[in-house]
Amino acid sequence: MSDESAYAPTKIDQRGPRQLAIAWADGAESLFDVRALRIACGCAECVDEWSGKPRLDPATVPDDVRPVQIHSVGRYAIQIDWSDGHSAGIYPFKRLRNLALQT
């Protein structure tokens, strides 16, 4: 299996109100705290495009934030509509894999 194909998810599943699980093509599974994933958004609204510094104040993200809908972006990423109204971020699979807490 090539390195890139290892970043392909085979299943994305909401596990209760606080966790998102991704099963990867290489058999690994990653669990994400959904609030931490929202805070990790890399869009221009959340991260300064020039400096890379965070623009999002984590204190402004509700404790109970959750994905409302998850969309596929080509064959390389997902885009999440969040319960706090944010939906600009794209989460490339490679970045998700690097953010993951492996189980």
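Two strands count as paired if DSSP finds at least two bridges between them. I keep that rule at the head of this notebook, and I note that the model is a predicted one.

**Entry: strands 1, 2 and 3**

I began with strand 1, residues 9-15, and strand 2, residues 19-24. They run antiparallel and are joined by six bridges. I looked up Pro9 and found that its bridge partner in strand 2 is Trp24. Three residues lie between the strands in this hairpin, and Gly16 has a positive phi near 75° there.

I went on to strand 3, residues 29-33, which is joined to strand 2 by five bridges. This pair also runs antiparallel. For Ile22 I noted Ser30 in strand 3 as the bridge partner. Ala23 stands opposite Glu29, again in strand 3. The hairpin of strand 2 and strand 3 has four residues between the strands, and in it Gly27 takes a positive phi near 95°.

**Entry: the sheet of strands 4, 5 and 6**

I then looked up an open sheet of three strands, whose order is 4-5-6 and whose pairing is antiparallel. Strand 4 (67-73) and strand 6 (90-92) are its edge strands, each pairing on one side only. On average, neighbouring strands of this sheet are turned by 30° against each other, direction ignored. I found six bridges between strand 4 and strand 5. Within strand 5, Ile80 is the residue that Ile70 stands opposite.

**Entry: the largest nonpolar core**

Which residues touch the most other members of the largest nonpolar core? I noted Phe32, Leu37, Trp82, Tyr91 and Leu96, out of 21 residues in that core. The elements giving two or more residues to this core are strand 2, helix 2, strand 5 (77-82) and helix 3 (93-99).

I picked Tyr91 for a closer look. Leaving out residues up to four places away in sequence, Tyr91 touches Leu37, Arg38, Ala40, Cys41, Tyr76, Ala77, Ile78, Ile80, Trp82 and Leu96.

**Entry: Arg38**

Arg38 is on the list for Tyr91, and I looked it up next. Arg38 lies in helix 2, residues 34-39. Is Arg38 buried or exposed? Its relative accessible area is 5%, and the cut-off for buried is under 20%, so Arg38 is buried.

I then asked which side chain Arg38 joins in a polar contact of 3.0 Å. That side chain belongs to Asp84. Asp84 is also in the contact list of Arg38, which sets aside neighbours within four places in sequence. The other residues in that list are Cys46, Leu56, Val61, Val65, Trp82, His86 and Tyr91.

**Entry: Ala59**

I finished with Ala59, which is found in the loop between helix 2 and strand 4. Ala59 has a relative accessibility of 67%. The cut-off for exposed is over 50%, so I entered Ala59 as exposed. How far apart are Ala59 and Ile78 in space, C-alpha to C-alpha? I wrote down 24 Å, with their places 19 residues apart in sequence as the separation.

Terms used. Residues are numbered from 1 along each chain as its sequence is written. This is a predicted model: local features need pLDDT of at least 70, side-chain atom pairs count only at pLDDT 80 or more; totals for chains, interfaces and linings use all residues. Side-chain values use heavy atoms; hydrogens and water are left out. Buried means under 20% relative accessible area, exposed over 50%, partly exposed in between (1.4 Å probe, protein chains only). A polar contact is a pair of N or O atoms within 3.5 Å; within protein, one must be able to donate a hydrogen and the other to accept it, and residues adjacent in sequence count only if both atoms are side-chain atoms. Contact means heavy atoms within 4.5 Å. A nonpolar core is a set of buried Ala, Val, Leu, Ile, Met, Phe, Trp, Tyr and Cys residues joined through side-chain atoms within 4.5 Å. Axes are lines fitted to C-alpha atoms, for helices over the stretch in contact, and angles run from 0 to 180 degrees between N-to-C directions.
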